[in-house]
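Colleague: I've got a model open and would like to learn how to read it. Could you walk me through a few features?

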Amino acid sequence: MTDHLTVVTHPLVQHKLTLMREKDTSTASFRRLLREISLLLAYEITREMELTSKWIETPLQEMKAPILEGKKLALVSILRAGNGLLDGILELIPAARVGFIGLYRDPETLKPVQYYCKVPAEIEDRLVIVVDPMLATGNSSVAAIDLLKEKGAKNIRFLCLLAAPEGVARMKEAHPDVPIVTAALDERLNDHGYIVPGLGDAGDRMFGTK
Ligand SMILES: O=P(O)(O)OC[C@H]1O[C@H](OP(=O)(O)OP(=O)(O)O)[C@H](O)[C@@H]1O
Ligand SMILES: O=c1cc[nH]c(=O)[nH]1
Ligand SMILES: [Mg+2]
């Protein structure tokens with residue numbers, strides 16, 4: 001993956017994203033749509049995963065067939081909202097190792113506050129896909145990736161649903177080596193650091209906390 005930002009323009013992704021943005025979409029539908037989109041985004045972000053091969057027997061003959069080494073992959077979810085993307089991707093790659101970084105944005109300063117961190121061992125040898133639906137100021141994703149690099153991660157990608165130009169620029173400055181895959185690049189941030197037009201607070205909409 002060479003481009004710093006990839007926007008997944010597939011019609012199914014765009015259609016489902018529109019349904020998620022609508023303010024009257026229920027919590028149940030929002031969660032289901034996020035899981036469905038995560039399957040489609042996973043297809044894009046795993047495009048260049050390394051394959052090994054193994055000998056198998058088809059009903060006709062033996063062949064050396066390509067196979068993924070799921071154990072070489074670490075998915076890292078930025079809590080809480082990251083879990084909505086994580087669940088879908090794990091259905092596709094059930095052998096992936098999983099880490100969690102607990103961060104919430106202070107509503108006044110927009111700085112991330114860390115409350116949890118647990119990542120898989122041998123992180124330096126893995127492809128690490130960090131997932132969080134929202135890339136707004138970029139403060140949370142930059143902090144999460146700082147932490148992963150401190151722990152030795154070298155090959156990192158970031159998967160989100162919506163990105164703001166401000167967040168993409170911040171990521172490019174702090175982590176130019178980390179490609180971003182998103183379903184949309186929105187217009188801007190508002191005065192409270194929310195993505196506009198956006199979809200509101202992803203965590204609250206997923207879990208019905210507001
Ligand atoms: O790019 P940023 O400006 O840092 O904003 C993005 C962060 O904000 C949201 O999390 P939030 O703080 O609402 O926590 P939550 O997932 O627990 O709701 C979102 O899920 C990101 O982690
Ligand atoms: O628009 C935004 C910005 C940050 N976090 C969200 O959940 N939504
Ligand atoms: Mg939130």
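Modeller: Sure, we'll go through a sheet, a helix and a ligand site, and keep in mind that this model is predicted.

Colleague: Let's begin with the sheet. In what order do the strands of the open three-stranded sheet run?

Modeller: The general idea is that strands of a sheet pair through backbone hydrogen bonds, either parallel or antiparallel. Here the order is β8-β10-β12, and the pairing is parallel. β8 (134–135) and β12 (184–185) are the edge strands, each pairing on one side only. Between β8 and β10 (residues 162–163) there are two bridges, and L135 sits opposite A163 of β10.

Colleague: Now the helix α3. Which of its residues are buried?

Modeller: Generally, an α-helix has 3.6 residues a turn, so residues three or four places apart point the same way. In α3 (residues 82–92), the buried ones are G82, N83, G84, L85, L86 and I89. Their cover includes α2 (27–45), β4 (73–79) and α6 (202–207).

Colleague: What surrounds ligand 2?

Modeller: Its shell is M134, A136, Y194, I195, G198, D201, A202 and G203. By class, that's five nonpolar, two polar and one charged. An unreviewed UniProt entry puts a "binding site" feature at I195, G200, D201 and A202.

Colleague: Why does A202 count as buried?

Modeller: The cut-off is 20 or more other C-beta atoms within 10 Å. A202, in helix α6, is buried because it has 25 such neighbours. Beyond four places in sequence, A202 contacts A81, P133 and M134. G200, in the loop between β14 (195–196) and α6, is partly exposed because its count is 17.

Note on methods:
Residues numbered from 1 in each chain as written. Chains lettered and ligands numbered in written order. Predicted model: local features only at pLDDT ≥ 70, side-chain atom pairs only at ≥ 80, totals over all residues. Near = placed C-beta within 6 Å. Nonpolar A, V, L, I, M, F, W, Y, C, P; charged D, E, K, R; others polar. Pairing = 2+ DSSP bridges. Helix = DSSP H or I, 4+ residues; strand = E, 2+ residues; numbered from the N terminus. Buried ≥ 20, exposed ≤ 12 C-beta atoms within 10 Å, placed from the backbone. Contact = placed C-beta atoms within 7 Å. UniProt positions renumbered as here; feature names shortened; annotations may be inferred.
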